[in-house]
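Q: I am new to this structure and would like to learn how to read it. Could you walk me through it feature by feature?

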Amino acid sequence: MHRPASSSSQPHPTKSLALSSFHIRLEALDKEHQWLLKQIKRKRTELNNFVEQMRSLATEIFSRCSPRFQKLADIDREIHTLFDEIFTKRKFGKQTKKDVEGVYRSLQSAGIISPKFEQEDEDAELDELFENNEQEQTFSQEPTEERHQYQKAQQELASPSANKNSSSRKVRQTFLRLAEIFHPDKVKDGETQMRHTEIMKEINKAYQEGDFARLLEIEQQHQLGASIDSNSEDDLTRNCNRLEQENEFLKTQYENLKRELRLVKNTPEGEMVADCRKATKAGIDPMDQVVEQVEAQIQVIASIRDFVKDFREQKMTIKEFLRGPEILRSLNREMMEEMLEQMLEELGEIVIF
C-alpha cells in the first residue's frame, strides 16, 4: 500500500490567494484613480468654461454699453465738480459744512459716485507687482531657465525646512520624476529634443499650476514608470501603496477645484452669468436687460446731479439738501420693502418645515 506522497506545493494556493487579493485591491485602486482623473479633468473644464463665459459676458456688456458707461463717467465728473464749486464758492457755518461734506462722503461710500482720492501711487505699486508676477520661469523658453527651474525644484525637495505641505511635495516629486526623463538637455538628437521640449512645456505648466492630476496623466500617456511583476507580492504592495497616496492627493485636488468653482459662481460676475442663463431660458435677451439696468442707473445718477446743481444754485434750502434727493429715498423704501418681503418668505418656509 502506497503512502500518500507529501506535496511540497501545498503553500502555493495560499500564495495564489494572497496575490489575488492584492490584484483585486490594485484593480479597485486603479479604477478609483482613473475616476478621479476623469472627474478632475471634467471639473477643471467646467471651471475654465465658466470663467470664459464671464469674460465673454464682460466683453459683450462693454461693447453694448460703452457709450452709456461713458455717459455715467461724465455725470460722475459733473457731480464732483459741482461739490468742488459748492465748497469753494458758498459760505457755510462749521456744522453746516460738516453736514454737506457728510452728504458728499455718503454718496461716495454708497458707490453712487466714484471715491475721490489719488490712486497713482497705489496703481504704480500694483503695476509693478503684476510685472513681477508675469516674469515667470518656464522650461519652454531657454535652456538656462529650464535648468534653473529644475534645480530650484530639486533644492526645494531636498530642503528639510521646506515643503511641510505634503501635497506640494508630491507635485514636486512627480515633476522631478518626469523632468528627469524629458528634460531636453538629456538628449542629443534634434528631433527628440524638440519633442521633449514640447512635453516639458506641459509638465512645467502643470507643475506651476500645482496640477497633480495633469502630471499623472502625462506620466500615463508616455508610459512612464517601471513595469510591474504581477506575480511579485512586493511589487503589488508598492503599487497599491503608491496608488493610495496618489488617490488621496487627487481627492484633495478635486475638492479644491469644486470649492474654487463655487467661489467663482458666488462672485458678482458669476451671479451675472447665472442670471443671463436664466433670462435666456425664459426667452429674454439678457443684454437688453443689462442695457435697461444701465439706463436706469443713468437716470438715478442724473437726478442726483440735478439735485446737487439746484443746491449749488441755491434753489433749495440746506435742510432740503440734507434730506437727500427724492429718488434715493424712493430707492431706499423699495429696498426696505424687498428685504421685508424676503424675510417674510423665509419665515414662511421655516413655519412650513
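Q: Which residues have the most contacts inside the largest nonpolar core?
A: A general idea helps here: in soluble globular proteins, nonpolar side chains tend to be buried together. In this predicted model, the largest nonpolar core has 60 residues, and those with the most contacts inside it are Phe83, Phe175, Ile203, Leu250 and Phe321. Helices that each supply at least two residues of this core include α1 (11–89), α5 (166–182), α8 (233–265) and α10 (286–312). The one that gives the most is α1, with 15 residues.

Q: What does phenylalanine 83 touch?
A: Leaving aside residues up to four places away in sequence, Phe83 touches Val100, Tyr104, Leu107, Val308 and Phe321. Apart from the core we began with lies another one, of six residues, with Phe22, Leu26, Leu29 and Leu243 among them.

Q: How many helices and how many strands does the protein chain have?
A: Start by listing the elements in order. Here there are 12 helices and zero strands, so the list reads α from the N terminus on. Of the 353 residues in the chain, 30% count as buried. To see how the chain meets itself, take contacts between residues at least 6 apart in sequence: 71% of these join residues at least 24 apart.

Q: Where does UniProt list a coiled-coil region?
A: An annotation can be set beside the model. The unreviewed UniProt entry lists residues 26–60 and 233–267 under that name. Over residues 26–60, the model is 100% helix and 0% strand, and the end C-alpha atoms are 50 Å apart.

Q: What span should helix α9 have, going by its number of residues?
A: The idea is to work out an expected length and compare it with the model. With 14 residues at 1.5 Å a residue, α9 should span 20 Å, and its end C-alpha atoms are 20 Å apart, which agrees. The buried residues of this helix are Gly270, Val273, Cys276 and Ala279. After α9 comes glycine 283, whose phi is positive, near 80°.

Q: Is glutamate 271 buried, partly exposed or exposed?
A: Relative accessible area is the number to look at, with buried meaning under 20% and exposed over 50%. Glutamate 271 has 42%, so it is partly exposed. This residue sits in α9 (residues 268–281) and touches Lys265 and Asn266, not counting residues up to four places away in sequence. Glutamate 271 and methionine 54 are 217 residues apart in sequence, yet their C-alpha atoms are 9.5 Å apart in space.

Q: How many disulfides does the structure hold?
A: Cysteines are the residues to check, and the structure holds zero disulfides. Cysteine 65 counts as buried because its relative accessibility is 1%. Cysteine 276 is also buried, at 11%.

Q: Which side chain does serine 114 join through a polar contact of 2.6 Å?
A: Look at where a residue sits, then at its partners. Serine 114 is found in the loop between α2 and α3 (120–134), and its relative accessible area of 29% makes it partly exposed. Its side chain is joined to that of aspartate 76 by the 2.6 Å polar contact. Not counting residues up to four places away in sequence, Serine 114 touches Asp76, His80 and Gln108. Serine 114 and arginine 77 are 37 residues apart in sequence and 8.6 Å apart in space, C-alpha to C-alpha.

Technical notes
Residues are numbered from 1 along each chain as its sequence is written. This is a predicted model: local features need pLDDT of at least 70, side-chain atom pairs count only at pLDDT 80 or more; totals for chains, interfaces and linings use all residues. Side-chain values use heavy atoms; hydrogens and water are left out. UniProt positions are given in the numbering used here, feature names are shortened, and annotations may be inferred rather than shown by experiment. Helices (H or I, at least four residues) and strands (E, at least two) are DSSP runs, numbered from the N terminus. Buried means under 20% relative accessible area, exposed over 50%, partly exposed in between (1.4 Å probe, protein chains only). Contact means heavy atoms within 4.5 Å. The expected span of a helix is 1.5 Å times one less than its number of residues. A disulfide is a pair of cysteine sulfur atoms within 2.5 Å. A nonpolar core is a set of buried Ala, Val, Leu, Ile, Met, Phe, Trp, Tyr and Cys residues joined through side-chain atoms within 4.5 Å. A polar contact is a pair of N or O atoms within 3.5 Å; within protein, one must be able to donate a hydrogen and the other to accept it, and residues adjacent in sequence count only if both atoms are side-chain atoms.
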